[in-house]
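Trainee: Please take one part of this model and go through it closely. I would like the surroundings of the ligand, and then the helices and loops around that site.

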Amino acid sequence: MEIEKYEVPSSNEIDIAEALRINSLREASQQPISDPDSWLDEEIRRNVLLTTVDYVLDWARSRSIFPLMFGLACCAFEMIGTATSRFDIARFGMDIFRWSPRQADLMIVAGTLTWKMAPAVKLIYEQMAEPKWVIAMGACAISGGTFRESYSVVPGINRIIPVDVYVPGCPPRPEGLIHGIRKIHEKIYKQSVQKALADRKAELGQKVSSLKDIGRVGGR
Ligand code: SF4
């Protein structure tokens, strides 16, 4: 049997082979390999916006107001007209009138409010989700209108609940109500979660300190 013979390279030849490999790698590595995630930079530039929490919340709230399904008298027909295709309040993301006050954050008081009806309207307002807004639509809701001197009519809805925007007229046209809604949007844009939290904290702080005062007085 014939045994195959191998030439054992000298240490000099091993050194030369190694140097050749190193030189060849060095020549092929003159430029850095491009970042496999570099496409992300461009995507991020095109898709990421930096803004404040206040701005995003105010924008979302102003574009998702849910009005309460609620009308008291003739002005209500103009309010209903505002939701039809000609005036189309769906443009503002508020075409869904809610039946439940817990799912609504805008009360449009459209019509004459009687004292008999007043407790129900106040209760509905109190059941609405926070933050909430109120529009007094028409002369009757604003001041009692023609029936102001009547024994049975509330001379202005602001006697029982706070009003954010007044829309005058008898009745106001849908364009007037839409103008009032835009004014509500402006109010929403001026809100600040940070400020609301700070106010709440200050309010709670005052309550705690007054409780401590009561405790001190009681302890004497
Ligand atoms: S303001 Fe005029 S239209 Fe509106 S509820 Fe009163 S009377 Fe009717």
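Mentor: A contact here means heavy atoms within 4.5 Å. The model is predicted. With that in hand, start at threonine 112.

Threonine 112 sits in the loop between strand S1 (106-110) and helix H5 (118-127). Leaving out residues up to four places away in sequence, threonine 112 touches Leu72, Ala73, Cys140, Phe147 and Val153. Take Leu72 from that list. Leucine 72 and threonine 112 are 40 residues apart in sequence, yet their C-alpha atoms are 6.0 Å apart in space. Is threonine 112 buried or exposed? Its relative accessible area is 17%. Buried means under 20%, so threonine 112 counts as buried.

Now the ligand. Thr112 is one of the residues around the ligand. Ala73 and Cys140 belong to that shell too, and both are also touched by threonine 112. The rest of the shell is Cys74, Cys75, Gly111, Ala139, Gly169, Cys170 and Pro171. By class, the shell has seven nonpolar and three polar residues. It has no charged residues.

Look at Cys170 and Pro171 again. The peptide bond between cysteine 170 and proline 171 is cis. Its omega is near -10 degrees. Proline 171 lies in the loop between strand S3 (165-167) and helix H7. Most peptide bonds are trans. There is another cis bond to note, from glutamate 130 to proline 131, with omega at about -10 degrees. Proline 131 is in the loop between H5 and S2.

Next, helix H4. Cys75 is in the ligand shell. Cys75 is also a buried residue of H4 (residues 75-82). Ala76, Met79, Gly81 and Thr82 of H4 are buried as well. What covers them? The cover of these buried residues includes strand S1 (106-110), strand S2 (133-137), helix H6 (138-143) and H7. Ala139 and Cys140, from the ligand shell, fall within the residue range of H6.

H7 deserves its own look. Two packed helices are described by the angle between their axes and the distance between the axes. For H4 and H7, the angle is about 75 degrees and the axes are 8 Å apart. The range from 65 to 115 degrees counts as roughly perpendicular, so H4 and H7 are roughly perpendicular to each other. From H4, the contact uses Glu78, Met79, Gly81 and Thr82; from H7, it uses Pro174, Leu177 and Ile178. By class, that contact has four nonpolar, two polar and one charged residues. Met79, Gly81 and Thr82 are in this contact and are also buried.

H7 has another partner, H3. The axes of H3 (residues 53-62) and H7 (residues 174-189) come within 9 Å and cross at roughly 160 degrees. Angles over 145 degrees count as roughly antiparallel, so H3 and H7 are roughly antiparallel to each other. Their crossing is right-handed. H3 contributes Tyr55, Asp58, Trp59, Arg61 and Ser62 to the contact, and H7 contributes His185, Ile188 and Tyr189. The classes are four nonpolar, two polar and two charged residues.

Isoleucine 65 comes in here. It lies in the loop between H3 and H4. At 0% relative accessibility, isoleucine 65 is buried. Beyond its neighbours within four places in sequence, isoleucine 65 is in contact with Gly93, Met94, Asp105, Leu106, Ile184, His185 and Ile188. His185 and Ile188 also serve in the contact of H7 with H3. By contrast, isoleucine 65 and asparagine 158 are 93 residues apart along the chain, with C-alpha atoms separated by 21 Å.

Move on to isoleucine 157, in the loop between H6 and S3. At 2% relative accessibility, isoleucine 157 is buried. Its contacts, setting aside neighbours within four places in sequence, are Val109, Leu113, Val121, Ala136, Ala141, Ile142 and Val163. One of these is alanine 141. Isoleucine 157 and alanine 141 are 16 residues apart in sequence and 5.4 Å apart in space, C-alpha to C-alpha.

Last, a backbone detail. Most residues other than glycine have a negative phi. Aspartate 88 has a positive phi of about 60 degrees. Aspartate 88 is in the loop between H4 and S1. At 29% relative accessibility, aspartate 88 is partly exposed.

Technical notes: Residues are numbered from 1 along each chain as its sequence is written. This is a predicted model: local features need pLDDT of at least 70, side-chain atom pairs count only at pLDDT 80 or more; totals for chains, interfaces and linings use all residues. Side-chain values use heavy atoms; hydrogens and water are left out. Axes are lines fitted to C-alpha atoms, for helices over the stretch in contact, and angles run from 0 to 180 degrees between N-to-C directions. Helices (H or I, at least four residues) and strands (E, at least two) are DSSP runs, numbered from the N terminus. Angles under 35 degrees count as roughly parallel, over 145 as roughly antiparallel, 65 to 115 as roughly perpendicular and the rest as oblique. A crossing is left-handed if the near helix is turned anticlockwise from the far one by less than a right angle, and right-handed if clockwise. Ala, Val, Leu, Ile, Met, Phe, Trp, Tyr, Cys and Pro count as nonpolar, Asp, Glu, Lys and Arg as charged, and the others, Gly among them, as polar. A residue is near a molecule or strand if one of its heavy atoms lies within 4 Å of it. Buried means under 20% relative accessible area, exposed over 50%, partly exposed in between (1.4 Å probe, protein chains only).
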